[in-house]
Amino acid sequence: MILSCSHLSKAFGSKSVIADASFHIEDHEKAAIVGINGAGKSTLLKMITGELPADSGEAVLAKGKTLGYLAQHQDLTSQRTIFEELKKVKQPLIDMEEKIRGLEQAMKGASGQELEDMLSLYSRLNHEFEDANGYAWKSEITGVLKGLGFEEEEFSKPISTLSGGQKTRVFLGKLLLSRPDVIMLDEPTNHLDMESIAWLETYLINYPGAVLIVAHDRYFLDRVVTKIIELDGGRATVFQGNYTAYSQKRAMLREAKMKAWLNQQQEIRHQEEVIAKLKSFNREKSIKRAESREKLLEKMDRLEKPAEINDEMHIRLEPNILSGNDVLTVRGLKKAFGPQLLFENVDMDIKRGERVALIGSNGTGKTTILKILNRLVEPDAGEIRLGSRVHIGYYDQEHQVLHMEKTLFDELQDTYPNMDNTQIRSVLAAFLFTGDDVFKRIGDLSGGERGRVSLAKLMLSEANFLILDEPTNHLDITSKEILEDALIHYTGTVLYVSHDRYFINRTATRILDLKNQSLINYIGNYDYYLEKKDVMESLQGGEKKKEEAKEAVSEVKLDWKSQKEEQARKRKLQNELKKTEEEISSLEARDGELDEQLTLEEVYTDHQRVREINDEKTSIAGRLEELYARWEELAEEA
């Protein structure tokens, strides 16, 4: 065991954040702390480092072990360059190398015992230098910087000129190079693009020390960690396995707890009914028996009802009208800012019902494409055509669609004047804004709160083409899962930019990768993209031999064809399911009308009419039986 946390507690004023949290981290173990926003994850890390004193309990690091910590935000004020800042970490090695070179010079003029002592020291230092990989310190710094997304020409940039996100990446690089026995990372993926996140995953998986992470990136957690520590109600529960395993176990545990609670509630009701019945007999023996049961009921250790999962924030996205099949057509799109070309000759076709993820490295122009489509930025060249009856709903990561001076209530009321006060409050409550929260100014909200307001406006828009820019930013894992489910069941069309690979994997039916100033198309989710990425990039770059390229193209075409066939099959299935439901509804309504007719005197006294109605009802019953069976088959298949 390298780190032990025992009975840690922390309160701010009257609010308890951490209450009796205990867990431990083994040598070389990779673990994550998860929980909703406000659960106390960052507070727990700060208590372990000693930055925040614990009200009770203790965190103990094994003797002689070192701990490194990356907070969410770093404010480096150094005048050094990026490379010089990371070079500081390797200063002891650099000093050792200088000492070795100095000994080499000194030994040339030494002899006797002095030379023997020098040789002994030289041998020891050389051994230590090699053990610490001293000859590779420059390439190690270069590898870490490139892995974290810095280009070589940026290495000479002064730290003072960097953005907050870039400073955090520099600090992360310093931490990784210092190689502590325990690395603690608070949201390390926030300022990294997908390639850098993938590099960090590999680095941490192979890291010889222990790692403790707070992150909302579920794909990252799935790849890196083997233990999950859940913070819920201030208490820590440990689950073995990655995030997906934890999610499944948590659902099973909750189901078991809910079942136990429901069974106990049923038993309580049963006992109360028996007690009431015994008392109603009003006899001495029956009253005594009732009192005996009451005592047992009072002594019962009553279970708390498990908190509902995903029942706090409700998102229902539904288009107001159906668009045409061709939702968006883009041809020859080009955009540059000054001498910097972002992209050119970009073609894009999006059909109704597709959920398309636009991905790519930071700075390639993904958000710019969304802004062009939403008429916020003018393209340098190209044609954009929206299909018939297409209505766009736009979600901006910078929340430019919100008015900072307005209250939440006014923001919704001014946008949707037909809604009354109760309707506005209900919508805001669905997004966790209750009571006086609705009168807060937009400008005073946190990034996550503004995101929820934008999602509320999006829900009310009843748009049939959603364009979303980083919709999961600032959302906790539970809120992300709610949004995912809403998009999966959305019957309109979606185009979005996201770095959240788990989100992409669950929601995308197609991926467009903006690379080398143009788009590469993948018909599938993120796992499919990873599987085909090398083949598609090689084909685009012309790096494959002709024979291999033909084989790869053939495979991709087959995949594309099978994907399109599967999509067509699903659409056909959904259409048939809908038609079956409509016919069932129509026949059930007709059967009800016939029942009403049979209650009329002028009908039930007319034997001929009664026979006709009964014949029709028999026919309806037979047809309904067929439809019910068919509906079950279709529902099972869907």
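Q: Which element gives the most residues to the lining of the second largest pocket?
A: In this predicted model, the main contributor to that lining is α18, with 14 residues. The second largest pocket encloses about 1,400 Å³ of space. It is lined by 33 residues, and those closest to its centre are Gly353, Arg355, Lys570, Arg571 and Gln574. Two elements, α16 and α18 (546–598), give two or more residues to the lining.

Q: What classes of residue make up the lining of the second largest pocket?
A: The lining has 13 charged residues, 13 polar residues and seven nonpolar residues.

Q: How many cavities of 30 Å³ or more does a search of the whole structure find?
A: The search finds three cavities that reach this volume. The largest cavity holds about 40 Å³ of space. A cavity is a space where a 1.4 Å probe fits but cannot get out.

Q: Which residues line the largest cavity?
A: The lining consists of Leu70, Thr168, Arg169, Leu172, Glu187, Pro188, Asn190, His191 and Leu192. Helix α6 (residues 164–178) gives the most to it, with three residues. By class, the lining holds four nonpolar, three polar and two charged residues.

Q: What makes the contact between glutamate 140 and lysine 90 a salt bridge?
A: The side chains of glutamate 140 and lysine 90 meet with an N to O distance of 3.2 Å. The cut-off for a salt bridge is 4 Å between a side-chain nitrogen of Lys or Arg and a carboxyl oxygen of Asp or Glu, so this pair qualifies. Glutamate 140 belongs to helix α5 (residues 137–147), whereas lysine 90 lies in the loop between α2 (82–87) and α3 (91–107); the pair therefore ties together parts that are 50 residues apart in sequence. Glutamate 140 and lysine 90 are both buried.

Q: What distance, N to O, is found in the salt bridge between aspartate 217 and arginine 501?
A: The side chains of aspartate 217 and arginine 501 meet at 3.3 Å, N to O. Aspartate 217 lies in the loop between β7 (210–214) and α8 (218–224), and arginine 501 lies in helix α16 (residues 501–507), so the pair ties together parts that are 284 residues apart in sequence.

Q: Why does aspartate 217 count as buried?
A: Its relative accessibility is 6%. The cut-off for buried is under 20%, so aspartate 217 falls within this class. Arginine 501, at 2% relative accessibility, likewise counts as buried.

Q: Which residue forms a salt bridge with arginine 510?
A: The partner of arginine 510 is glutamate 354, and the closest N and O atoms are 2.9 Å apart. Arginine 510 is in strand β17 (residues 510–515) and glutamate 354 is in the loop between β11 (340–351) and β12 (355–359), so their salt bridge ties together parts that are 156 residues apart in sequence. Arginine 510 and glutamate 354 are buried.

Q: How many salt bridges does the structure hold, in total?
A: The total is 41. A network of salt bridges links Arg218, Lys480, Glu484, Asp485, Asp500 and Arg506.

Q: Why does lysine 457 count as buried?
A: Lysine 457 has a relative accessibility of 12%, and this value satisfies the cut-off of under 20%. Lysine 457 is part of helix α14 (residues 447–461). Beyond its neighbours within four places in sequence, lysine 457 is in contact with Val401, Leu402, Glu411, Leu412, Thr415 and Tyr416.

Q: In which sense, parallel or antiparallel, do strand β10 and β11 pair?
A: Strand β10 (residues 326–337) pairs with β11 in the antiparallel sense over eight bridges. Threonine 329 stands opposite aspartate 349 in β11. The two strands form a hairpin with two residues between them, and glycine 338 in the turn has a positive phi of about 65°. Strand β13 (residues 381–386) is also joined to β10, by five bridges, and these strands run antiparallel.

Q: What is notable about the phi of histidine 7?
A: Most residues other than glycine have a negative phi. Histidine 7 is not a glycine, yet its phi is positive, at about 50°. Histidine 7 is found in strand β1 (residues 3–12).

Q: Is asparagine 345 buried or exposed?
A: Asparagine 345 is exposed, with a relative accessible area of 59%, and the cut-off for exposed is over 50%. Asparagine 345 is found in strand β11.

Technical notes: Residues numbered from 1 in each chain as written. Predicted model: local features only at pLDDT ≥ 70, side-chain atom pairs only at ≥ 80, totals over all residues. Heavy atoms only, no water. 1 Å grid on protein atoms, 1.4 Å probe; cavity = no way out; pocket = protein on both sides within 12 Å on 5 of 7 lines; lining within 4 Å. Points joined across faces, edges and corners; volume = space filled by probe spheres on them. Helix = DSSP H or I, 4+ residues; strand = E, 2+ residues; numbered from the N terminus. Nonpolar A, V, L, I, M, F, W, Y, C, P; charged D, E, K, R; others polar. Buried < 20%, exposed > 50% of the residue type's maximum accessible area, 1.4 Å probe, protein only. Contact = heavy atoms within 4.5 Å. Pairing = 2+ DSSP bridges.
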